Amino acid sequence: MKRGSQGDLGFRLVTGAFAVLIIAIVAGIGAVLTSESWLSIQKFGFGFWKTTTWDPVAGDFGALPFIWGTLYSSILALVIATPVALGIAIFIAELCPASLRMPLVFLTELLAAIPSIVYGLWGIFVLVPAVRQLEIATPQFLKALPLFSGPPLGVGMLSAGLILAIMITPFTSSVAREVLKSVPIEQREAAYALGATRFEAIKAALYYARTGIVGAIMLGFGRALGETMAVTMVIGNTPRVSTSLFAPQYSMAAVIANEFTEADTALYLDALVEIGLVLFAITMLVNILSRGLIWSMTLSFKKASEPAAPPALTPPQPEATA
Amino acid sequence: MTWAAWRKAKSAVFVGFCGLSIAVALVPLAFIFFYVVSEGIQALNVDFFTQMPKPVGEVGGGMANAIVGTLIIVGLGALFAIPTGIMSGVYLSEYAGTRLTSAVRFAADTLNGVPSIVIGVFVYTIAVLPVKQFSALAGGLALGIMMIPIIARTTEELLLLVPGSMREGSLALGATRAQATFTVVLPAALPGILTGVVLALARIAGETAPLLFTSFNNRFFNTTLTQPMGSLTVTVFTYAISPYEDWHRQAWAGALVLVAIVFTCSLFARLATRRLERLRGR
C-alpha cells in the first residue's frame, strides 16, 4: 500500500512537471517579450502605436502602419471567408449525403494542411499577376474611390486579404461544422414538424448555435492575425496607412519576418519585439474569447439536453430529413 | 408567387449557395495543387535531392543540404516535443478535474494559437541571443514548442477514450497508477497517439516563420547542431523572393516536395484513424 502511494506521488510529480512546462512556456513568452522590448516601451510609450514613422536609420519607430495592415488584411479575409466557410460547414453537416461527407472533410483538411510558404509561393507567381490584371481592368470611375485608388501593382492589401481568406476558410468551417453537429437534432425536427423548409430549419439550428458560430469565426480571425509567410510574400511590404485595397502595405508579422535579422541597434530590435509582444497579446485575447464562446455554447447544450432526452435515443450525427 | 413557393425558392437558393461554397473552396485547392505539381515537376530531378546549391547565377544544383536540414530540425523538434507532449497528456487525463489541469489545458490551447513568428522571436531571445549564434538546436526548439500542445491534447483525448475497465482491471491486479498507465492504458491508445504525432510532424515540417531567425539558413551542408542550418521551407522562401529565374524553378520543386510530405502524412493519418475506428467497432 505504502509503496504504491509513493509510486503514485512520483508519477504525479513527473508527469505534472511536464504539464507545468507548458504553462511555463506561455508565461515565458509573455515575460521574455516584455523584458526584451523594454527599451522601446520606455522610449515611445503608447505613442508607438499612434505614429506612422518607421525610420530605423534615425531610430524613430511608430507601429501604426503594421497594426493597421494586420487588422485590415485580417478583417478583409474574414469578410471574404466567413460566408464561404459557413456555407461549407452547413453543406457538410446538414445537406450533403453521408457518403460525400468524409471526402469533403478530407479535401477541406488538405486545404488546411498546405504549408503557408506554399500559399505564399503560389501567391507571388499566380495570385498577384491575376490581381494585377483585375486592377488594370478596374473601370476609372471605381478607381476614383479611395478604396480602389493607386497604381495596379498586384502586390497589396487585396492579394493579402484573398490569400488569407483561402487559408482561414478550412479552420472556420471545421469548427463551425463541429458546432453545428452539437446542436440537438430535436431543434431541426421541431422546425420540420412545424412545416419549415430546409433553409428555415437550418436557420433555427444556426440561431441556436450562434455563440459557437461567432466563436468559430473569431478563431479564423485569430489565425489570420498571426499568419506570416504568405502575407509577407504578397502584401507589398510598404509601411503606410492606406484605405486602398490596391495599395502595398505591411503587417505586424511581416515586418518581424523581414527586418528581424537586419535589426542592428538595440532599439530597433526592441521595437520589433514589441510588435511581437502585441501580436502575441492580441491573438491570445481573440483565441481565449472565441474558445470561451464555443465552450459556453456546448456547455449550455449539455445542460439543456440532459433532462429532455436520454442520450441513447439521440443519434450521434444529425441527418437532414427534409 | 405564393408564400409557400417563395419560401421554397429561398430554401433552394440557400442550398445552392452552400453547394457553391464547396466549389469556391475547392477551386483554390485545385489551382494550388495544379501549379505546385506542374511547375514543381519540371524542376524536380535527381540533382534536386543529391546536389548542393550552385553559386548565385549558375544554373542547376539542388537542395540536398536543405532537405537533410529539415529532417534534422524536425527530428530535434520531435525529440523535444514527443516526451513532453505525451507526459503532459498523461497528466491531463489522469488528473482531470483539478485546477492545475484546467490551467495546463488552457495554456496548451493558448500556445496552439500563438503565431509561429512570435514563437520564433521568443526562441531567438532565449536560445540565439545569449550565445550570439543561430543554430539548428534553436530551430528544433521552436518547432518543438509548436508541437507540444498538439501532442498533449491528442494524447489526453485518446487516453480518455480507453475504457475505464482496462485501467481498473490492472489496478485491481495490484498495479500502481504509473504501471497501469504505462503498461495498459497508454499502449491501448498508442496507435491513435502516433497518428496525432504524425499529423503534428506534417504541420511542423511546413513551418517557415519560426525558423527564419533560429536555425536561419545555410547554403552549405551542415550537420553541426550548434551552427545555422538550411531548411526546405526557408530555402523556398529565399528562392521565391529572389530575382533569379532558376531559383524560382527550384522553389516550386521545393514546394512540391513539401506538399508531398505533408499530404502523405495526412493521408496516412487519415487512413490510420479510419482503421482505428473500424477496430473499435464504430
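Start by selecting A:Asn237, which counts as buried because 20 C-beta neighbours lie inside 10 Å, and 20 is the number at which a residue begins to count as buried. In this predicted model, A:Asn237 sits in the loop between helix H11 (229–234) and helix H12 (252–259) of chain A. Look at its backbone as well, since A:Asn237 has a positive phi of about 50 degrees although it is not a glycine. Most residues other than glycine have a negative phi.

For a counterpart in the other chain, select B:Phe216, found in the loop between helix H8 (177–205) and helix H9 (232–240) of chain B. B:Phe216 is not a glycine either, yet its phi is positive, at about 60 degrees, and with 22 C-beta neighbours inside 10 Å this residue also counts as buried.

Now return to chain A and show all of it, so that its 13 helices and two strands come into view. The C-alpha atoms of chain A fill a box of roughly 75 × 70 × 30 Å along the principal axes, and of its 322 residues 50% count as buried. Among contacts in chain A between residues at least 6 apart in sequence, 78% join residues that are at least 24 apart.

One place to follow such a link through space is A:Ser173, which lies in helix H7 (residues 157–181) of chain A. A:Ser173 counts as buried, with 32 C-beta neighbours inside 10 Å. Add A:Ala81 to the selection: 92 residues separate it from A:Ser173 along the chain, while their C-alpha atoms are separated by 9.3 Å. Leaving aside neighbours within four places in sequence, the residues in contact with A:Ser173 are A:Ala85, A:Ile88, A:Ala89 and A:Thr108.

Next, select A:Val118 and A:Val234, the residues with the most contacts inside the largest nonpolar core, which has 192 residues. Helix H3 (residues 64–95) of chain A supplies the largest share of this core, 16 residues. If you then display what surrounds A:Val234, not counting residues up to four places away in sequence, you will find that it touches nine-residue company drawn from chain A, including A:Gly120, A:Ile124, A:Leu127, A:Val155 and A:Ile163.Turn now to where the chains meet, and select the 66 residues of chain A that are in contact with 71 residues of chain B. The largest share of the side of chain A that touches chain B, 18 residues, comes from helix H1 (residues 2–36) of chain A. Colouring that side by residue type shows 43 nonpolar, 17 polar and six charged residues. For the complex, the predictor gives an ipTM of 0.92 and a pTM of 0.90.

In chain B, select helix H6 (residues 136–161), whose 26 residues reach 37 Å from first C-alpha to last, close to the 38 Å expected at 1.5 Å a residue. Where along this helix should you look for a kink? A kink of about 30 degrees lies at B:Met147, shortly before the proline B:Pro149. Because 22 of its 26 residues are buried, H6(B) is largely enclosed by the rest of the structure.

Finish by colouring chain B by confidence: its pLDDT averages 90, and 98% of the residues score at least 70. Among the elements of this chain, helix H5 (residues 116–128) has the highest mean pLDDT, 95, and helix H10 (residues 245–279) the lowest, 86. Helix H10 of chain B holds the last stop, B:Phe268. B:Phe268 is partly exposed, with 14 other C-beta atoms within 10 Å, and its C-alpha lies 8.1 Å from that of B:Thr195, although the two are 73 residues apart in sequence.

Methods:
Residues numbered from 1 in each chain as written. Chains lettered and ligands numbered in written order. Predicted model: local features only at pLDDT ≥ 70, side-chain atom pairs only at ≥ 80, totals over all residues. Contact = placed C-beta atoms within 7 Å. Helix = DSSP H or I, 4+ residues; strand = E, 2+ residues; numbered from the N terminus. Nonpolar A, V, L, I, M, F, W, Y, C, P; charged D, E, K, R; others polar. Expected span 1.5 Å × (residues − 1). Bend = angle between axes of the 7 residues up to and from the residue. Buried ≥ 20, exposed ≤ 12 C-beta atoms within 10 Å, placed from the backbone. pLDDT = per-residue confidence, 0-100. Core = buried A, V, L, I, M, F, W, Y, C linked by C-beta atoms within 7 Å.
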